[in-house]
Amino acid sequence: MSNGSFPPESGRRGGTLAIVLAALIPACCVAFWLLSSSPGGSKDDDADGGSGSTAPSASSPSPSATASPSSGKPLQGKVVVIDPGHNPHNRDHPSQIARLVDIGTNEKECDTTGTATNSGYAEASFTLDVARRVRTALEARGATVRFTQDGDRPYGPCVDERAEIGNTAHADAVVSVHADGAAAGQRGFHVILPKSVRGGGADTSAITAPSRLLGERLRSRFAKATGSEPAQYIGDGSGLDVRGDLGGLNLSTVPKVFIECGNMRDPQDAAELTDAAWRERAGRGIAQGITDFLNE
């Protein structure tokens, strides 16, 4: 057999494969065109509102199916107690709210009626309105929010019970919402922090540091949200005031502060406090301050 009589066996297979492919390619192109032109075959079909992307298989669930239940809820699992200062019905129960209760270091009235603007807008109405706005914002972030009162009690609760509500709830933070009744011309807000006290049933030694941090976060966020300045008539004008004579702070075993959102007796502050849009900003500022503290 001569070496040049026939092509090698591999060469013959390659030639045959080329002939087969040449015949198949045109047929494949025709089939693809027919499929693309048939009803329902277009890749731009959006009859079901889809984007045309392939649906995930059963073994590959969509991101929404695997997302954590707390996704987007930064305060999931946190408990916050909001204490709306005073009670709109306190004025109808003068003897009950005047009785003395133990605040650890001494005794003090159960509660008071609070102050009001010159036009008669009561602090108790203001605190409930702002507190409810705070609750809405915090619950949207996943927090469990409890009130000491929601206008649903005949009076009070007394200051010692207000503290106990936060303690029993094992709250991660408690904020008591108020507005001040200082002289006209004295403007601004301030946050009241617990003093380190021990006596009777009072012992704030464990909560003074976290309460200060809570107060600082509130001060910053409240000022930013409302545009209000820290009060210059309290302490050193820092917007923070430390007190040891408030039963709601003395008897607390969890981080707690008061915020005096403005001076109801000053016409300029009163104009803000009586404005619903401003109260909405105040509520958001308080909620964000609490959120910052809980996310530390």
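This is a short walk through one predicted model, from its overall make-up to helix packing, salt bridges and a few individual residues.

**The overall picture**

The protein is built from nine helices and 10 strands. Of its 296 residues, 39% are buried. Sequence-distant pairs do a lot of the contact making here: among contacts with a separation of 6 or more, 79% are between residues 24 or more positions apart.

**Helix α9 and its two partners**

A good place to start is α9, which spans residues 276-294. Two packed helices are described by the angle between their axes and the distance between the axes.

Take α4 (residues 123-140) to begin with: its axis comes within 8 Å of the α9 axis, and the two cross at roughly 50°. That makes α4 and α9 oblique to each other. The crossing of α4 past α9 is right-handed. On the α4 side, the contact uses Phe126, Asp129, Val130, Arg133, Val134, Ala137 and Leu138, while α9 brings in Ala276, Trp278, Arg279, Glu280, Gly283, Ile286, Ala287, Ile290 and Thr291. Sorted by type, the residues of this contact come out as 10 nonpolar, two polar and four charged.

Now for α6 (residues 208-226), which packs on α9 at an angle of about 145°, with the axes 7 Å apart. This crossing, too, is right-handed. From α6 come Pro210, Leu213, Leu214, Arg217, Leu218, Arg221, Phe222, Ala225 and Thr226, and they meet Trp278, Arg281, Ala282, Gly285, Ile286, Gln288, Gly289, Ile290, Asp292 and Phe293 of α9. Here the split is 11 nonpolar, four polar and four charged.

Trp278, Ile286 and Ile290 of α9 turn up in both lists, so to speak: they are among the residues in contact with α4 and among those that meet α6.

Ala137 deserves a second look. It sits in helix α4, and at 18% relative accessibility it counts as buried, the cut-off being under 20%. Its C-alpha atom is 8.5 Å from that of Gln288, although 151 residues separate the pair in sequence.

**Salt bridges**

Side chains of opposite charge can pair when their charged atoms come close. In this model the count comes to 17 salt bridges. Three of them are set out here.

| Salt bridge | N to O distance |
|---|---|
| Lys108 and Asp245 | 3.7 Å |
| Asp129 and Arg133 | 2.7 Å |
| Arg187 and Asp266 | 3.5 Å |

The Lys108 and Asp245 pair joins distant parts of the chain, 137 residues apart: Lys108 is in strand β3 (residues 107-109), and Asp245 is in the loop between β9 (240-243) and α7 (247-250). Both ends are partly exposed, with Lys108 at 25% relative accessibility and Asp245 at 30%.

Asp129 and Arg133 are a local affair: both lie in helix α4, four residues apart, which is about one turn of the helix. Arg133 is partly exposed, at 22% relative accessible area. The pair also belongs to a wider network of salt bridges that links Asp129, Arg133, Arg279, Glu280 and Arg284. Four of those names, Asp129, Arg133, Arg279 and Glu280, also appear in the contact of α4 with α9.

Arg187 and Asp266 both come from loops. Arg187 is between β5 (173-180) and β6 (190-194), and Asp266 is between β10 (256-263) and α8 (267-273), so this salt bridge ties together parts 79 residues apart in sequence. The two ends differ in their setting: Arg187 is partly exposed at 33%, whereas Asp266 is buried at 3%.

**Two more buried residues**

What does His190 touch? Leaving aside residues up to four places away in sequence, the list runs to Asp180, Ala231, Tyr233, Ile234, Gly239, Asp241, Phe258, Ile259 and Glu260. His190 itself is found in strand β6 and is buried, with a relative accessible area of 3%.

Gly247 is in helix α7 and is likewise buried, at 4%. With residues up to four places away set aside, Gly247 touches Ile103, Val159 and Ala163. It also brings us back to Lys108: the C-alpha atoms of Gly247 and Lys108 are separated by 7.7 Å, with their positions 139 residues apart along the chain.

Definitions and conventions. Residues are numbered from 1 along each chain as its sequence is written. This is a predicted model: local features need pLDDT of at least 70, side-chain atom pairs count only at pLDDT 80 or more; totals for chains, interfaces and linings use all residues. Side-chain values use heavy atoms; hydrogens and water are left out. Axes are lines fitted to C-alpha atoms, for helices over the stretch in contact, and angles run from 0 to 180 degrees between N-to-C directions. Angles under 35 degrees count as roughly parallel, over 145 as roughly antiparallel, 65 to 115 as roughly perpendicular and the rest as oblique. A crossing is left-handed if the near helix is turned anticlockwise from the far one by less than a right angle, and right-handed if clockwise. Contact means heavy atoms within 4.5 Å. Ala, Val, Leu, Ile, Met, Phe, Trp, Tyr, Cys and Pro count as nonpolar, Asp, Glu, Lys and Arg as charged, and the others, Gly among them, as polar. A salt bridge is a side-chain nitrogen of Lys or Arg within 4 Å of a carboxyl oxygen of Asp or Glu. Buried means under 20% relative accessible area, exposed over 50%, partly exposed in between (1.4 Å probe, protein chains only).
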